[in-house]
Amino acid sequence: MLGPSYNHTMESPGTFFLLGIPGFQSSYLWLAISLSTMYSIALLGNMLIIIVICMDSTLQEPMYFFLCVLAAVDIVMASSVVPKMVSIFSSGDSSISFNACFTQMYFVHAATAVETGLLLAMAFDRYVAICKPLHYMRILTRHVMLGISVTITVRAVIFMTPLSWMLSHLPFCASNVVPHSYCEHMAVAKLACADPVPSSLYSLIFSSIIVGSDVAFISASYSLILKAVFGLSSRNAQWKALSTCGSHVGVMALYYLPGMASIYVAWLGQDRVPLHTQVLLADLYLIIPPTLNPIIYGIRTRQIRERIWSLLTHCFFPQCTQGS
């Protein structure tokens, strides 16, 4: 359960060992069970979202398109780290090859960059739907939605490719033990024999630019939304307009709050915050949003809730649907 004993010589030049969560070895079994449960919920929930939206012709509005892409990104993000975490916590299999480590790092950070872009796209969708309802379908056409999705993905690739190149070309000649549950950039960078500051600064600056600009535009969108909503004469219309934004606000809070805390704790508070707290925060940041996002949208979005219930009823109780 505790894994092999480590030393600080490079036993296998092409291999890293993930330490897991320092000091939590006695709880590894419970962590493995909890992560497996959350991962199963994330996979099932997000796959249901994708299947329902793709199969139902009534769920073809831009909001559902972006939600479908978000669900796919959540699956990629969780699948990049959770299976290996469960392997570490359940069997002590902590080895990961050099190429697999940097592939994992690439997908994790690219997925987080795509997700923040999608949250901005969804905020823009809510702005158009509430502030310019008569032009909603004319502004957010299929070509525009596809263009937004491609732009978000290209931005993530442009951000991650130089970072991965810089870090993978650093010499690793001392420790091969990564003090983390996955190949997190800062944790791997500290193992390099050369100065890792350039890659660390690149990561901090560009992640701050991406997240900062997205949050600024999201804030601008919601300020315009609130101005339009409170300009409505009917209180019922105000509440209905605000309720359509509730799911998006909840998902943003789940993503940005622990995400920014994880980034700046790793960079600024590494000597003040215990290592196990830093690792736990980073781990939860990658698994909680994919787990709760489909639950939030499933509960708060009536159309999705009804379609999922209908799909599950048809799959598990076909005689009921035939009888009705």
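This passage walks through the annotated membrane spans, the cysteines and a nonpolar surface patch of a predicted model.

A good place to start is the UniProt record, an unreviewed entry, which assigns the annotation "transmembrane region" to residues 28-52, 64-86, 106-124, 144-167, 204-225, 246-267 and 279-299. Among these, residues 28-52 are 100% helix and 0% strand in the model, with end C-alpha atoms 36 Å apart. Residues 144-167 are likewise 100% helix and 0% strand, and here the end C-alpha atoms lie 35 Å apart.

Turning to the cysteines, the model holds one disulfide. The bond joins Cys 101 and Cys 183, whose sulfur atoms are 2.0 Å apart. Cys 101 belongs to helix 3 (residues 98-131), whereas Cys 183 sits in the loop between strand 3 (177-178) and helix 6 (185-189), so the link ties together parts that are 82 residues apart in sequence. An angle of -125° about the S-S bond makes this link left-handed, and both of its cysteines are buried. Cys 54, by contrast, is in no disulfide; its nearest cysteine sulfur belongs to Cys 68, 4.0 Å away. Because a disulfide requires sulfur atoms within 2.5 Å, that spacing does not qualify. Cys 54 counts as exposed, with a relative accessibility of 55%, while Cys 68, at 14%, counts as buried.

Finally, the surface carries a nonpolar patch of about 410 Å², made by Val 197, Leu 201, Ile 205, Phe 206 and Ile 209. One of these residues, Ile 205, lies in helix 7 (residues 197-229) and counts as partly exposed, at 44% relative accessibility. Ile 205 is also a direct neighbour in sequence of Phe 206, another member of the patch.

Definitions and conventions
Residues numbered from 1 in each chain as written. Predicted model: local features only at pLDDT ≥ 70, side-chain atom pairs only at ≥ 80, totals over all residues. Heavy atoms only, no water. Patch = residues over 30% accessible without salt bridge, like charges linked within 9 Å, V, L, I, M, F, W, Y side chains within 5 Å. Areas by Shrake-Rupley, 256 points an atom, 1.4 Å probe, with all protein chains shown as cover. Salt bridge = Lys/Arg side-chain N within 4 Å of Asp/Glu carboxyl O. Helix = DSSP H or I, 4+ residues; strand = E, 2+ residues; numbered from the N terminus. Buried < 20%, exposed > 50% of the residue type's maximum accessible area, 1.4 Å probe, protein only. UniProt positions renumbered as here; feature names shortened; annotations may be inferred.
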